[in-house]
Amino acid sequence: MSFIGIHLNYGWSPRPRVHFAIAIAMFIVSAIIALILFNKSLDDLAASTVVEGVVVASKVSGDGMYSPVIEYQMENGKAIKFKANFSSRPQRYFNGDVVEVLVNTKTGKPKIKNFFVVYGLPAFAAIFSLICLLGSIGIYFMRVRKET
């Protein structure tokens, strides 16, 4: 079988042990990345205080995604508004909704406290790592073990 001058048959592809080694290496790298991201999220949580905010508006992007604009009070009484760093469709937050806001005490940067904002990237990396692990186990049992 040929595709754009590349012959795609079993003899062309690398040996199954190479596939297995690549899948294990991807698992290890993605697991390390997931742990680093998770640790960073925990550090951000530890360095943040939780305040209550109120949704005062929603910004709609050109593709119909809604981003809430939230206002919260600082300890000194100063009101601060910020646009959330995520969007959703359909609209998830409406005017007047009370939300928890994490304010980093070191940087002053606010963000909504929900699972996807706090743990979304580490969770994605962990799921990718799990897929790599399951794939490497599948390669081992389906191809590598047959050759031995």
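Which residues in H1 are buried? The answer is Pro16, Ala23, Ser30, Ala31, Ala34 and Ser41, where buried means under 20% relative accessible area, exposed means over 50%, and partly exposed lies in between, with a 1.4 Å probe and protein chains only. The model is predicted, so local features need pLDDT of at least 70 and side-chain atom pairs count only at pLDDT 80 or more, while totals for chains, interfaces and linings use all residues. Residues are numbered from 1 along each chain as its sequence is written, and side-chain values use heavy atoms, with hydrogens and water left out.

The protein has 2 helices and 7 strands, these elements being DSSP runs numbered from the N terminus, with helices (H or I) of at least four residues and strands (E) of at least two. Read from the N terminus on, their order is β-β-α-β-β-β-β-β-α. Of the 148 residues in the protein, buried residues make up 24%.

Helix H1 covers residues 16-46. Its 31 residues, at 1.5 Å a residue, should span 45 Å, and the end C-alpha atoms are indeed 45 Å apart; the expected span is 1.5 Å times one less than the number of residues. Within H1, Lys40 forms a salt bridge with Asp44, their closest N and O atoms being 3.4 Å apart; the term stands for a side-chain nitrogen of Lys or Arg within 4 Å of a carboxyl oxygen of Asp or Glu. These two residues are 4 residues apart, about one turn of the helix. An α-helix has 3.6 residues a turn, so residues three or four places apart point the same way. Both partners are partly exposed, Lys40 with a relative accessible area of 49% and Asp44 with 22%.

The structure holds 2 salt bridges, and another one joins the side chains of Lys113 and Glu100, at 3.8 Å from N to O. This pair links distant parts of the chain, 13 residues apart, with Lys113 in the loop between strand E7 (110-112) and helix H2 (115-147), and Glu100 in strand E6 (residues 98-104). Lys113 is partly exposed at 38% relative accessibility, and Glu100 is partly exposed too, at 40%.

On the surface, Leu130, Leu134, Ile137, Tyr140 and Phe141 make a nonpolar patch of about 470 Å². Patches are made of residues with over 30% relative accessible area and no salt bridge, like charges being joined within 9 Å and nonpolar side chains (Val, Leu, Ile, Met, Phe, Trp, Tyr) within 5 Å, and the areas come from the Shrake-Rupley method with a 1.4 Å probe, for which only the protein chains shown count as cover for residues. One member, Leu134, lies in helix H2 and is exposed, with a relative accessible area of 52%.

Inside, the structure holds 1 cavity of 30 Å³ or more, a cavity being a set of points on a 1 Å grid over the protein atoms alone where a 1.4 Å probe fits but cannot get out, with lining residues having an atom within 4 Å of a point. The largest cavity has a volume of about 40 Å³, that is, the space filled by probe spheres set on grid points joined across faces, edges and corners. Its lining includes Ser58, Phe86 and Arg92, and strand E4 (residues 66-73) gives the most to it, with 3 residues. Tyr66, also in the lining, has its place in strand E4 and is partly exposed at 27%. The C-alpha atoms of Tyr66 and Phe94, which are 28 residues apart along the chain, are separated by 9.7 Å.

Notes
1 Å grid on protein atoms, 1.4 Å probe; cavity = no way out; pocket = protein on both sides within 12 Å on 5 of 7 lines; lining within 4 Å.
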